[in-house]
Amino acid sequence: MEQIKIGIVCYPTFGGSGVVATELGKALAKEGHKVHFITYSQPTRLDFLNENLFYHEVDFHTYPLFEYPPYELALASKMVSVVKNEKLDLLHVHYAIPHASAAYMAKQILKTEGIFIPVVTTLHGTDITLVGKDASYEPVVTFSINQSDGVTAVSADLRRETFEHFKITRDIDVIPNFIDLDKFKKQKKDHFKKAICPNGEALIVHTSNFRKVKRIQDVISIFANIHDAMPAKLLMIGDGPERSRAESQSKELNIEHDVRFLGKLEAIEEVLSVADLFLMPSEKESFGLAALEAMACEVPIISSNAGGLPELNIHGVTGFMSNVGDVEDMTKNALYVLDKNHLPAFKENALKRAKDFDIANILPLYEKVYERVLTPTRAMA
Ligand code: GMT
């Protein structure tokens, strides 16, 4: 498509929605589009220089009257000024709350000045499945989805759930998460593997934000069972509210010497390069980007069958899926995959499946949505 100027709004943190938004922006910039990130701090993965990438910080000031600083208003105001100053063609907001409603407000303000700016909203999961459904947000989420010019969801399951729980009066395109296979690939890190697993132990990995929805207590329980059956080590990457409980659990189970909590890591692909198995027993997972990152590094997946995971993890091929909370079944499957006679095929299949989500295949799907929402603007010009 012809090169355009896009404003991307996202959470700049380690979470999946921020990662997808940032990686998408970087890929669009490489294609020659001008990409302006509008966030409250520099996105974590915005880590390289490109003449087409720009960053605008939302500065919001508090005042003694405000018990809760009105971030959404500051964000909407920032969107208005960036659209005007940079002559943006469209806004692409990731995560409905509060980005889609702030974009709606910015759009209405700009309309009064004769500027039409189309808004694309990407739904990522918890903005619908956990937070959005909450009665305190539901009317605003419904309204701002319906008022967006384009809406995408990261899996067919998330699209289904959006239609099920909200009164949606428009289409939603499914555009899955994607992966940069140049960054996420198995690297030779034998020395690292030797340091963690000096006696050839199996290396199990989990990465997440350690929120309740990730069920990291199941990760520890599954690992404890694997550990009973064979020599194994577990690396827990990330941080969040459930971390200390999981640390205590591994002490109670007497496996703490073989479980390491590494905290937040930038170069996850280096750890994934030496992993044998990835655990994702989540309660909900609209897509499971962390599992895709593991698969790209040739790591098979033991996951729950929640949400969009069946759209990624092929049961019996790239790993296995079980019902949420079925630790016994997940353990049995993990031991099957880790069997030396089975592991190589699962690794190969994981990489093969990850290639379906190559960013080169997914980027054009977003560009198609951009083209579509821009058509009425061009007709008006
Ligand atoms: O997984 C999280 O809690 C983070 C969350 C987010 O919004 O940042 O991730 C969601 O978006 C990712 C990117 O689209 C998806 O891959 C994750 O599956 C999804 N998480 C959940 O649905 C729990």
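Just after helix 11, Glu 298 takes a positive phi of about 70°. That residue is a good place to enter this predicted model, since the helix before it deserves a closer look.

Helix 11 covers residues 289-296. How many of its residues are buried? The count is 8 of the 8, so the helix is largely enclosed by the rest of the structure. Buried here means under 20% relative accessible area. The list runs through Leu 289, Ala 290, Ala 291, Leu 292, Glu 293, Ala 294, Met 295 and Ala 296. Glu 293 is thus one of the buried residues. What do these residues pack against? Their partners include three helices: helix 1 (16-30), helix 10 (268-272) and helix 13 (343-355). Strand 8, strand 11 and strand 12 are partners too.

Those strands lead to a sheet. Here 6 strands form an open sheet in the order 10-9-8-11-12-13, with parallel pairing. Strand 10 (259-263) and strand 13 (319-322) are the edge strands, and each pairs on one side only. From one strand to the next, the twist averages 20°. Within this sheet, strand 11 (residues 277-280) and strand 12 (residues 301-304) pair in the parallel sense over 3 bridges. Met 280 stands opposite Ser 303 in strand 12.

Helices pack on this sheet. Helix 9 (residues 243-252) touches strand 9 (232-238) and strand 10. Its direction makes about 165° with that of strand 10. Helix 12 (residues 327-338) lies across strand 8 (202-208), strand 11, strand 12 and strand 13. Helix 12 runs at about 175° to strand 13.

Two loops in this part carry further positive phi values. Phe 210 sits in the loop between strand 8 and helix 8 (216-229). Its phi is near 55°, a positive value in a residue other than glycine. Is Phe 210 buried or exposed? Its relative accessibility is 0%, so Phe 210 counts as buried. Asn 254 belongs to the loop between helix 9 and strand 10. Its phi is near 65°, again positive in a residue other than glycine. Asn 254 has 62% relative accessibility, so this residue counts as exposed.

Now turn to the other sheet. In it, 7 strands form an open sheet in the order 3-2-1-4-5-6-7, and the pairing is parallel. Its edge strands are strand 3 and strand 7 (173-174), each paired on one side only. Helix 2 packs on the sheet and touches strand 1 (5-9), strand 2 (34-39), strand 3 and strand 4. The direction of helix 2 makes about 160° with that of strand 2. Strand 4 (residues 90-94) runs parallel to strand 5 (residues 119-123), and 4 bridges join them. Which residue of strand 5 is the bridge partner of Val 93? That partner is Thr 121.

A backbone detail comes next. The peptide bond from Ile 97 to Pro 98 is cis, with omega near -5°. Pro 98 lies in helix 3 (residues 96-111).

The tour ends at the surface. Tyr 63, Leu 65 and Phe 66 make a nonpolar surface patch of about 350 Å². Where does Leu 65 lie? Leu 65 is in the loop between strand 3 (53-57) and helix 2 (71-86). Its relative accessible area is 67%, so Leu 65 is exposed. The cut-off for exposed is over 50%.

Definitions and conventions. Residues are numbered from 1 along each chain as its sequence is written. This is a predicted model: local features need pLDDT of at least 70, side-chain atom pairs count only at pLDDT 80 or more; totals for chains, interfaces and linings use all residues. Side-chain values use heavy atoms; hydrogens and water are left out. Patches are made of residues with over 30% relative accessible area and no salt bridge: like charges are joined within 9 Å, nonpolar side chains (Val, Leu, Ile, Met, Phe, Trp, Tyr) within 5 Å. Accessible areas come from the Shrake-Rupley method with a 1.4 Å probe; for residues, only the protein chains shown count as cover. A salt bridge is a side-chain nitrogen of Lys or Arg within 4 Å of a carboxyl oxygen of Asp or Glu. Buried means under 20% relative accessible area, exposed over 50%, partly exposed in between (1.4 Å probe, protein chains only). Two strands pair if DSSP finds at least two bridges between them. Contact means heavy atoms within 4.5 Å. Axes are lines fitted to C-alpha atoms, for helices over the stretch in contact, and angles run from 0 to 180 degrees between N-to-C directions.
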